[in-house]
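Here are my notes on the model you sent, set out as numbered points. Please read them with the structure open beside you.

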Amino acid sequence: MKRKIIIIPLVVIIALSSYYYNHLQRPDKLTIGLFAGNPWSDANFNIYDVIDKLKATYQDKYDIEVEYVSGILKEDYSNYLNSLIVAGKEPDIYLVFEEDFASLASINALCPLDDMIAQDQSFDLESYYQAPLKAGEYKNNRYGLPVDCDLDLLFVNETLLEKEGITIEGRLDLEEFYQVCQQATRDTNGDGTVDQFGCCNYDLGDVFDAYGIDFFAQGCFTIDHASTKAAIEYYKKLTALNGRTTLSLDDFDLGKVAFAKLPFSQFRTYRFYPYNLTRYSTFKWDCINLPANGVDSGGCSALLMGISSRCQDKLAAFKFVRMLSYDSCFQQDYFATSQGISPLVSVVNSKATKDLLSGQSLDVDFDLAVIDRGMEEAATSQNISGYNDLYDQALLKLSGALTTDQDIDLYLIDVQKQMEQLMIQATK
């Protein structure tokens, strides 16, 4: 009898606790942090238009309200988000720029997603391109999922190449790229000054990517002397074609340059109506993949979405992030209105995407293979805290090898030592 008296209250307590947790403590809303504007270009795009549709579907399905944190301009968003995190007032779910991701993950501001992904039998990480997917990892744990991407491509002035009798078919390797640049560079009016050029906005970092060089691949800074020397020598040879002339994108806009490295978002903005009336309208142009020697090439930038580590209902938040990042219908809608690229392989290669781009483009048939190949082969950045600053420092120091009189091997040894010290300081 006494045993029954004890058991009944325990059952009641457990039942009440379960009710309290699932109903009284269930959040009546999730907050989401967004910014106003386009993450990739100046073209008119409002992410709120996509999220509004997602909100309605999510709220109907899960009976949880989703509320925006007051919007802020893209350029102010990172500082604004950091101030909220420091104050403990960050939203439950928020967009994360790739350059901010490692820092946020390193201070435990973001919730790990691995367990929730593992428990979701219908979630397949292989559905994503690996470069944007990798952007959401920190120290072998996943803290973010990609929702949008941008990709570096090679813009081609087809009018200039046709005038010079140059024909290219698809992707160029590095030697072919040099040869075309060499052929295109000349004095067109006979006044003794070179006024037409091969390429602009293509830098030493792009050449390192084309050689498959990743100085931070092992989590520390390591120079492979043979490949690094080859890349530096190639870039010296390429830039020597321009003599003393310093080129900018303005020169490409004026039709004086055969190639320019630019992001796909700019291609999409200025290839399609109505923006095609305002830029690059004086010559025929297209885009191809960046030159490479059969290895990863070109940079891919990702816009991520993560969950605050202080979120009350992480599973509910994950379902929202999953819907935006992984649901092909919402990703197709997102792609239709943005200037970026979906991180999902199926969306990039869908008939809807092909029809959309072909319908908006000056071309009747837009070649999706350029985007798909670029995303498949995109070089992945390393999620090391302070990576962007470290990479910029490394590139600045290595650029000194272009003009130094010092033996190249000794110079690279000095850079190795300097970068090792910078990495030690960055991790303190």
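1. The accessible surface of the protein comes to about 20800 Å², of which 50% belongs to carbon and sulfur atoms. Please keep in mind throughout that this is a predicted model. Of the 428 residues, 48% count as buried.

2. As for the overall fold, the secondary structure comes to 19 helices and 10 strands. Among contacts with a separation of 6 or more, 74% are accounted for by residues 24 or more positions apart.

3. One helix pair deserves a look, namely H8 (residues 174-184) and H10 (residues 225-240), whose axes come within 10 Å and cross at roughly 15 degrees. Because angles under 35 degrees count as roughly parallel, H8 and H10 are roughly parallel to each other. Their crossing is left-handed.

4. On the H8 side of this pair, Leu174, Glu175, Phe177, Tyr178 and Cys181 take part, and they meet Tyr234, Lys237 and Leu238 in H10. Sorted by class, the contact of H8 with H10 has six nonpolar residues, two charged residues and no polar ones.

5. Two backbone angles should be checked by eye, given that most residues other than glycine have a negative phi. Asp63, in the loop between helix H2 (47-62) and strand S2 (65-68), has a positive phi of about 55 degrees although it is not a glycine. With a relative accessible area of 54%, Asp63 is exposed.

6. Lys139, likewise not a glycine, has a positive phi of about 50 degrees, and its place is in the loop between strand S4 (137-138) and strand S5 (141-142). Lys139 is exposed, its relative accessible area being 64%.

How values were computed:
Residues are numbered from 1 along each chain as its sequence is written. This is a predicted model: local features need pLDDT of at least 70, side-chain atom pairs count only at pLDDT 80 or more; totals for chains, interfaces and linings use all residues. Side-chain values use heavy atoms; hydrogens and water are left out. Axes are lines fitted to C-alpha atoms, for helices over the stretch in contact, and angles run from 0 to 180 degrees between N-to-C directions. Helices (H or I, at least four residues) and strands (E, at least two) are DSSP runs, numbered from the N terminus. Angles under 35 degrees count as roughly parallel, over 145 as roughly antiparallel, 65 to 115 as roughly perpendicular and the rest as oblique. A crossing is left-handed if the near helix is turned anticlockwise from the far one by less than a right angle, and right-handed if clockwise. Contact means heavy atoms within 4.5 Å. Ala, Val, Leu, Ile, Met, Phe, Trp, Tyr, Cys and Pro count as nonpolar, Asp, Glu, Lys and Arg as charged, and the others, Gly among them, as polar. Buried means under 20% relative accessible area, exposed over 50%, partly exposed in between (1.4 Å probe, protein chains only). Accessible areas come from the Shrake-Rupley method with a 1.4 Å probe; for residues, only the protein chains shown count as cover.
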